[in-house]
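Reader: I work at the bench and would like to learn how to read a structure feature by feature. Could you take me through one, giving the general idea before each case?

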Amino acid sequence: MATLPVFRWRLAPDGYATRRQLRARGLRPGGQQVAAQLERPRRRRGPLVAYLYRVDLAKPVRPMTPARWAALAKANAARRVCPTCRRDAGYVIPAHLGTCAPCAFPDDSPRSS
């Protein structure tokens, strides 16, 4: 098994990029294996590791098709519907609550006196 070249943080040579850097250039790894890694040392824990890909082997990002746009819109809309009261909350329901705010905190609702 071949070992990956390891570079210090911010000292990677030109021609390598992380996934985020590729995406900022409109590219994707395109099935290639990790070519190298960056390591940022930390004092009390293991180093932070970032994987690098070769820019010359990267492929352009696939364009969004109308069907993919529709699927994304449907998924985002589903994240706004409360599973308890089945209403559109008007915001993405937090995962740690699991329901909209009025269902999660029923005692905090405004009272008419």
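Author: Let us begin with exposure, and please keep in mind throughout that this is a predicted model. Asp 56 has a relative accessible area of 54%, and because exposed means over 50%, this residue counts as exposed.

Reader: With which residue does the side chain of Asp 56 meet in a salt bridge?

Author: The general idea is that side chains of opposite charge can pair when their charged atoms come close. In this model the side chain of Asp 56 meets that of Arg 54, with 2.7 Å from N to O. Arg 54 is partly exposed, at 33% relative accessibility, whereas Asp 56 is exposed.

Reader: How many salt bridges does the structure hold?

Author: The structure holds two. Besides the pair of Arg 54 and Asp 56, there is a salt bridge between the side chains of Asp 88 and Arg 80, where the N to O distance is 3.2 Å. Arg 80 has a relative accessible area of 30%, which makes this residue partly exposed.

Reader: Let us turn to the backbone. What is noted about the phi of Arg 10?

Author: As a general guide, most residues other than glycine have a negative phi. Arg 10 has a phi near 70°, which is a positive value in a residue other than glycine. Arg 10 sits in the loop between β1 and β2, the latter being residues 16-17, and with a relative accessible area of 75% this arginine is exposed.

Reader: And what is the phi of Arg 86, and where is that residue found?

Author: Arg 86 has a positive phi as well, near 60°, and is found in the loop between α2, residues 66-78, and α3, residues 101-104. At 65% relative accessibility, Arg 86 counts as exposed. Cys 85 also has its place in the loop between α2 and α3, but with a relative accessible area of 25% this cysteine is partly exposed.

Reader: How should I read pockets, and what is the volume of the largest pocket here?

Author: The general idea is that rolling a probe the size of a water molecule over the atoms shows where empty space is left. In this model the largest pocket has a volume of about 200 Å³. Arg 10, the loop residue with the positive phi, is one of the residues that line this pocket, and the lining also includes Trp 9, Asp 14, Tyr 16, Gln 21, Arg 25 and Leu 52.

Reader: How do the residues of that lining divide into nonpolar, polar and charged?

Author: The lining of the largest pocket is made up of six nonpolar, three polar and three charged residues.

Reader: Which residues make a nonpolar patch on the surface?

Author: Leu 4, Val 49 and Tyr 51 make a nonpolar surface patch of about 250 Å². Leu 4 belongs to the segment before β1, which spans residues 6-8, and counts as partly exposed at 34% relative accessibility. A residue needs over 30% relative accessible area to join a patch, so Leu 4 meets that cut-off.

Reader: Now for distances: how far apart are Arg 23 and Val 61 in sequence and in space?

Author: Here the separation along the chain and the separation in space are read side by side. Arg 23 and Val 61 are 38 residues apart in sequence, and their C-alpha atoms are 7.6 Å apart in space. Arg 23 lies in helix α1, residues 19-24, and is exposed at 55% relative accessibility.

Reader: By what distance is Val 61 separated from Lys 74?

Author: Lys 74 and Val 61 are 13 residues apart along the chain, and 22 Å separates their C-alpha atoms. Lys 74 lies in helix α2 and is exposed, with a relative accessible area of 64%. Ala 75 also lies in helix α2, yet at 41% relative accessibility this alanine counts as partly exposed. From Ala 75 to Ala 35 the C-alpha distance is 34 Å, with the two positions 40 residues apart in sequence terms.

Reader: To return to the loop that holds Cys 85, what separates this cysteine from Pro 102?

Author: The C-alpha atoms of Cys 85 and Pro 102 are separated by 9.4 Å, and the two residues are 17 apart along the chain.

Key. Residues are numbered from 1 along each chain as its sequence is written. This is a predicted model: local features need pLDDT of at least 70, side-chain atom pairs count only at pLDDT 80 or more; totals for chains, interfaces and linings use all residues. Side-chain values use heavy atoms; hydrogens and water are left out. Patches are made of residues with over 30% relative accessible area and no salt bridge: like charges are joined within 9 Å, nonpolar side chains (Val, Leu, Ile, Met, Phe, Trp, Tyr) within 5 Å. Accessible areas come from the Shrake-Rupley method with a 1.4 Å probe; for residues, only the protein chains shown count as cover. A salt bridge is a side-chain nitrogen of Lys or Arg within 4 Å of a carboxyl oxygen of Asp or Glu. Helices (H or I, at least four residues) and strands (E, at least two) are DSSP runs, numbered from the N terminus. Buried means under 20% relative accessible area, exposed over 50%, partly exposed in between (1.4 Å probe, protein chains only). On a 1 Å grid over the protein atoms alone, a cavity is a set of points where a 1.4 Å probe fits but cannot get out, and a pocket is an open set with protein on both sides within 12 Å along at least five of seven lines; lining residues have an atom within 4 Å of a point. Grid points are joined across faces, edges and corners, and a volume is the space filled by probe spheres set on the points. Ala, Val, Leu, Ile, Met, Phe, Trp, Tyr, Cys and Pro count as nonpolar, Asp, Glu, Lys and Arg as charged, and the others, Gly among them, as polar.
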